[in-house]
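Please open the model in your viewer and keep the selection panel at hand. The stops below start at one contact and then widen to the surroundings.

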Amino acid sequence: MKEKIVKFISDNLINLDDEIEIKDDDNIFEKGFVNSLFSMKLLNYIETEFNMEVDDDDMEISNFSSVNRIEALIKKKTEVLSD
Amino acid sequence: MSEVIQDFLESAKEFANTKIRPFAAEFEEKQQFPAQLIKEMGKAKFLGATFPEKYNGMNLDPYNYGLLTEIIGKADCTARSLLTVHTSLVGSAILRWGNEAQKNKWLPDMAEGNIITAFALTEPNVGTDASSIQTSYEEKENAVIINGSKKWITFSGVADYLLVIATNGKKVNAYMVDTKTPGVTIKPIKGLMAAKASYISEIEFTNVEVPKENRIGVDGGGFAYIVSTALDHGRYSIAWGGLAIAQEALEAMVNYSRERKQFGKKIYTFQLIQEMIANAVANIHSTRAFLEKVASLRQQNHQDSVNETIIAKYLTSKIAMQISTDAVQVHGGNGFYNKYPVERLFREAKVLEVIEGTSQVLQNIISLYGLKKYYKINC
Ligand SMILES: Cc1cc2nc3c(=O)[nH]c(=O)nc-3n(C[C@H](O)[C@H](O)[C@H](O)COP(=O)(O)OP(=O)(O)OC[C@H]3O[C@@H](n4cnc5c(N)ncnc54)[C@H](O)[C@@H]3O)c2cc1C
C-alpha cells in the first residue's frame, strides 16, 4: 500500500528534481511538493484504488499531509470495512 | 447507448434546433436569455443532466453529457454556458461534496430550473492566482459574514444562489449564498465582446449573513476540494463547448463554400479554401476521438482524468479559435456580419481560451504532466 501511495505522490510532484526524496513523515503540502489539484486527485485515487469512501469527518486536509497519514487513513477505513 | 438516452439526445437536438439556434443572435442583441427558455431547459432535463434520478436528474455518464453539451453548444454558447456554470461547476460540487440535506435542498430545484446558480470565484484583482482571493468570511454563531467582491460571474445577473469562495485568512470555504440576502449587490457588466446574454456581473458583498449550514464540504476544503472539483467539471464542459463551436464553424464554412461563387466557380474548388476545410476536419475528428477517451477516463475515475481533461479543454479551445477564424475567412466580408453565425462563433471561441484556466496556465500544468509522464521511460 505504501509503495502505491508514494508512487502516486511522486507522479504528482511539481518538483522535477531527481534527488527529491519523500520521507514517510514529510508534510507534502508544507514542503510545496504538490499543486492545488492534488487533494482532489488524491482523494479520487484513494477512493478508486482502495475501493472505499472517505467521509466528511476524515476529509481534513491534515489526514492527507504525509505518506504515513494517508496510509493510516486507508488502513482505518479498510479495517472498518472488513470488520 | 440505451434507447432512453438516444431518445433524450435526439429530443435535445430537436429542442436546440427549434428553440435555441434560431434565436441565438436575438439573445445577444437583447442581451437576455429568456427565463421561460431556462424553465424549458429544466423541464427537458438538461439542467440536471448529470444528477442522479432521485434529484430529478438524467444520470448521464460523462460521454453522453459531453454529447448533450455539444448539441446545446452548437446552437448557442449562452445556453451552453448555463450548463457549464449551473450543472457542471455548481451542480458537480454539491453532488460530490454536499451532505444529503444540501443535495435535497438544491439539486432537485436546480435540475428543474426552479433555481439558477452561478460560481463566484474570480475577483477584480484575482483571476488566475485564484488561491489569493480576498473575499472574506467571518464566523458568527450559526452564520458567517461575507464581505468582498467578485467579478465576471456568468449567469449571476439572474442567479438565485451563488457558490461563493471566501477566506478567513487561514482557511478557504465555499458557501451557497442566496442572492436575495441583504448586502448582496449585483451589477451587470455591459460592453462585452462575447457572452453578451450570459448575465455576467460584478457582485459586492457587504456584511452578508449566510447560515453556516450553507457551507459545502469540510471546513477549509473550499479550494482543495470544491474549487478543484468544480473547475475540473467546468473544464470538461468547456472542452465539449469548444468542440461544439469548432463543429458549427466547420459546417458553416462547408455550406458557404459550396454555395458562394467567385471567378465563375464555387469557392470550395479553390485549393486554399480546401486547405482550411481539410485542417478543420482533421482537427475536429482527432479532437473528438480524444474527448471520447477523456470521457472514458472520467467514467473510470482514472487518476489521469484531471490532467487529460485539462489537455482536452486547452486543445478544443485552440481548435475552436482556429476553425472559427478560418470560417470567418471563408465567408469573406459576410464573416463580419451578424446575420452569419460565424461572426458570433469567432467571438465566443476566444472566451474559451480564458475561462476555467487560461491557455497559459493550463500549458504550465500540461508541460509538467508531460515532463513527468515521459521521463526515463524504458522503451
Ligand atoms: C466571459 C467570461 C465568463 C466568466 N465567467 C466566470 C464565472 O462564472 N465565475 C468566475 O469565477 N469567473 C469567471 N470568469 C473569469 C475568468 O475565470 C478569468 O477571467 C480567468 O480566470 C483569468 O483571470 P483574469 O481575467 O484575472 O486574468 P489574469 O489572471 O490577470 O491573466 C492575465 C494574463 O496573464 C496570464 N497569466 C496569469 N498568470 C500566469 C502564469 N502563472 N503563467 C503564464 N501566464 C499567466 C494569463 O494567461 C492571461 O493571459 C469569466 C471570464 C469571462 C471573460
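**A tour of the ligand site**

Begin by selecting Thr154(B) together with the ligand in this predicted model: a polar atom in the side chain of Thr154(B) lies 2.7 Å from a nitrogen atom of the ligand. Next, add Phe119(B), where the partner is a polar backbone atom, placed 2.8 Å from a nitrogen atom of the ligand. Then move to Thr358(B), whose side chain has an N or O atom 2.6 Å from an oxygen atom of the ligand. With the ligand surface displayed, note that the protein covers 62% of the 980 Å² of accessible area that the ligand has on its own.

Now widen the selection to the 17 residues around the ligand, of which Thr122(B), Thr128(B), Thr154(B), Thr358(B) and Gln360(B) come nearest. If you colour this shell by residue class, you should find 10 nonpolar residues, 7 polar ones and no charged ones.

Which elements should be picked out as each supplying at least two residues of the shell around the ligand? Select β3 (143-153) and α11 (359-373) of chain B, which both meet that description.

For the last view, colour chain B by domain: domain 2 (119-219) and domain 3 (223-373) both give residues to the shell around the ligand, so the ligand lies between them. If you also show pockets, the space taken by the ligand is the largest pocket.

Definitions and conventions:
Residues are numbered from 1 along each chain as its sequence is written. Chains are lettered from A and ligands numbered from 1 in the order in which they are written. This is a predicted model: local features need pLDDT of at least 70, side-chain atom pairs count only at pLDDT 80 or more; totals for chains, interfaces and linings use all residues. Side-chain values use heavy atoms; hydrogens and water are left out. A residue is near a molecule or strand if one of its heavy atoms lies within 4 Å of it. A polar contact is a pair of N or O atoms within 3.5 Å; within protein, one must be able to donate a hydrogen and the other to accept it, and residues adjacent in sequence count only if both atoms are side-chain atoms. Accessible areas come from the Shrake-Rupley method with a 1.4 Å probe; for residues, only the protein chains shown count as cover. On a 1 Å grid over the protein atoms alone, a cavity is a set of points where a 1.4 Å probe fits but cannot get out, and a pocket is an open set with protein on both sides within 12 Å along at least five of seven lines; lining residues have an atom within 4 Å of a point. A molecule sits in a cavity or pocket if more than half of its atoms lie within 2 Å of its grid points. Helices (H or I, at least four residues) and strands (E, at least two) are DSSP runs, numbered from the N terminus. Ala, Val, Leu, Ile, Met, Phe, Trp, Tyr, Cys and Pro count as nonpolar, Asp, Glu, Lys and Arg as charged, and the others, Gly among them, as polar. Domain bounds come from an automatic or database domain assignment.
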